[in-house]
Amino acid sequence: MRLERVGRRYGPRGPWVLRGADLDLPGSSLVRVVGTNGTGKSTLLRLVAGIDAPSEGRITGRPPRTAYVPERFPAALPFTATDYLVHLGRVQGLGRATARARAGEWLERFGAGEHARTELAELSKGTSQKVAVAQALLADPGPGLLVLDEAWTGLDAAARGELDRAVRERVAAGATAVFVDHDPRRLAGEADAVYGVESGAVRAVAATPRDVPPEPRVRISASGGKPLPEGLPGAPTTEPPDPDDPTRPLVLTVDAAHSDALLGALLAASWHIHHLGTEEGVRV
Amino acid sequence: MTALLRYQSGLLLRSQRWLAPLLLYAAVLAVGVRAGEPVLGALGFSAAALVPVTAWCVRICVTQEPPAARDVVAAAAGRGRAHLAALVTGAALPGFLGAVAVLGLTAIGDRRGVGAPAATGAGLLATAACVLTGASVGALAARPFLKATGWSVTALVTGALLALVTTGSPAKHALTALVTGSRTTTAQLPWLACAGAVVLAAATAALACRATARLE
């Protein structure tokens, strides 16, 4: 799929929200769109998803079956979660029974299985977002173009991980996935292309294997009379203490996400914490 | 398209937004039609009431989805097709009500000089002409053309009234045929008005569906 000199404005005399966007969106690719608020990221995603038509330029080679996940999915629809998904599944070309079965599977995968019969209006914000994500993945075969506008917002950690996995599965199956997310660690280093949107202009940003800095790792210096407990959280790497230097005890290095759990485990095992810092040596 | 129509009618029926236009139509018929009055006059009255009722119902259908839900459907099915499904759903309910009213009014009306099949035929054609004209008014008075509620409702009411009285409007043409027929007790079938309404509705729907992805 290609966007050639695509521009968009609201009304024939409105200001240009986006102009001169050239994007190449091949199959089997994950494309990230970055930019600050109000620069036209959502407008670009709406054009890619085919929700809005470009005011100038053209979009060619659109893959079959497009799915779009908005950032905030409204609850103001008079359906239960399953009924809504069955309707959307049928719009995407599934039969009633298949749509119902796949709706159940995806709700289960995102941990919203117990809300299948709940009215959308009664769902929490996070669970409605799970329904919005599930509708995008219902089609069988899955969508050829998946457009995610901050789709992770409001999801719990398990569902965010599941959505990451689902996106990877779709890309591996040949689909194009285009996403915006405010968390720079989202699918970090996996994007095949990164486009920056700045005051209505789109430019390609070099997609290095690691296009954002990795999560900082935390160093914990500790000593204890007992042996180190088995199965520590986050599988930390350990450097043994220096026998000649009593001020240099055992050092454990772990992802920041697991540091609290690791500290808890060490303290529970009656270990003594000497020093806490990041890998770069900054004290935290 | 069937799935889209099912989704749109599910939205309309389960949200109970259909109730208000239905009550308006029922109230107008209850006030304006008496058993035993000349059948063609009663059918004309019923068809005329369908112009504002259909315009309202179409506006309900194109505005009933929250924007994010509309975007999700637009991406899956195409913006134009999604809009068309809303327009068709909005016109189908008044069309169904109108057809039921034609049968009922023909049964209870005074059919002197007019055969029941001729009266039913004339009534159904006039109903179709009025529903399609009303749907065109509703499509033009709502998104994507008029988004602010105040302007939209003003345009809808004005448009529905103009559609009933302006020469050249298919609805006015069909109603004139019924009223004249009632006076002369001869049922004329308003084919031409009906065909005009079909063309008008098709052109309006094509314009609205094309405009929705561009203007919004």
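Helices here are DSSP runs of H or I with at least four residues, numbered from the N terminus. The model is predicted.

**Exercise 1. Find the cis peptide bonds at Pro141(A) and Pro144(B), and place each proline**.

Step 1. Recall the background: most peptide bonds are trans.

Step 2. Take chain A. The bond from Asp140(A) to Pro141(A) is cis, with omega near 0°. Pro141(A) sits in the loop between helix 4 (125-137) and strand 6 (145-149) of chain A.

Step 3. Take chain B. Arg143(B) and Pro144(B) are joined by a cis peptide bond, with omega about 5°. Pro144(B) belongs to the loop between helix 6 (116-141) and helix 7 (149-165) of chain B.

**Exercise 2. Locate Glu150(A) and Leu187(A), and decide whether each is buried or exposed**.

Step 1. Look at the backbone. Most residues other than glycine have a negative phi. Glu150(A) has a positive phi, near 50°. Leu187(A) also has a positive phi, near 50°.

Step 2. Place them. Glu150(A) is in the loop between strand 6 and helix 5 (157-172) of chain A. Leu187(A) is in the loop between strand 7 (176-180) and strand 8 (193-198) of chain A.

Step 3. Count neighbours. The cut-off for buried is 20 or more other C-beta atoms within 10 Å. Glu150(A) has 20 C-beta neighbours inside 10 Å, so it counts as buried. Leu187(A) has 21 inside 10 Å, so it is buried too.

**Exercise 3. Describe the hairpin of strand 1 and strand 2 of chain A**.

Step 1. Check the pairing. Strand 1 (residues 2-9) and strand 2 (residues 16-24) of chain A run antiparallel, joined by 5 bridges.

Step 2. Pick a pair. Arg8(A) stands opposite Leu18(A) in strand 2.

Step 3. Inspect the turn. There are 6 residues between the two strands, and Gly11(A) in the turn has a positive phi of about 85°.

**Exercise 4. Test the length of helix 7 of chain B, then sort its faces**.

Step 1. Compare spans. At 1.5 Å a residue, the 17 residues should span 24 Å. The end C-alpha atoms are 25 Å apart, which agrees.

Step 2. List the buried residues of helix 7. They are Ser152(B), Leu156(B), Gly159(B), Ala160(B), Ala163(B) and Leu164(B).

Step 3. Look down the axis of helix 7. The buried residues fall within an arc of 130°, so they line one face of the helix. An α-helix has 3.6 residues a turn, so residues three or four places apart point the same way.

Step 4. Turn to the face away from the buried side. This face carries the exposed residues Gly150(B), Trp151(B), Thr158(B) and Val165(B).

Step 5. Identify the cover. The buried residues of helix 7 are covered by elements including helix 3 (39-63), helix 6 and helix 8 (170-184) of chain B.

Key
Residues are numbered from 1 along each chain as its sequence is written. Chains are lettered from A and ligands numbered from 1 in the order in which they are written. This is a predicted model: local features need pLDDT of at least 70, side-chain atom pairs count only at pLDDT 80 or more; totals for chains, interfaces and linings use all residues. Two strands pair if DSSP finds at least two bridges between them. A residue is buried if 20 or more other C-beta atoms lie within 10 Å of its own, exposed if 12 or fewer, and partly exposed in between; C-beta atoms are placed from the backbone. The expected span of a helix is 1.5 Å times one less than its number of residues. The arc is that of the directions from the helix axis to the C-beta atoms. Two residues are in contact if their C-beta atoms, placed from the backbone, lie within 7 Å.
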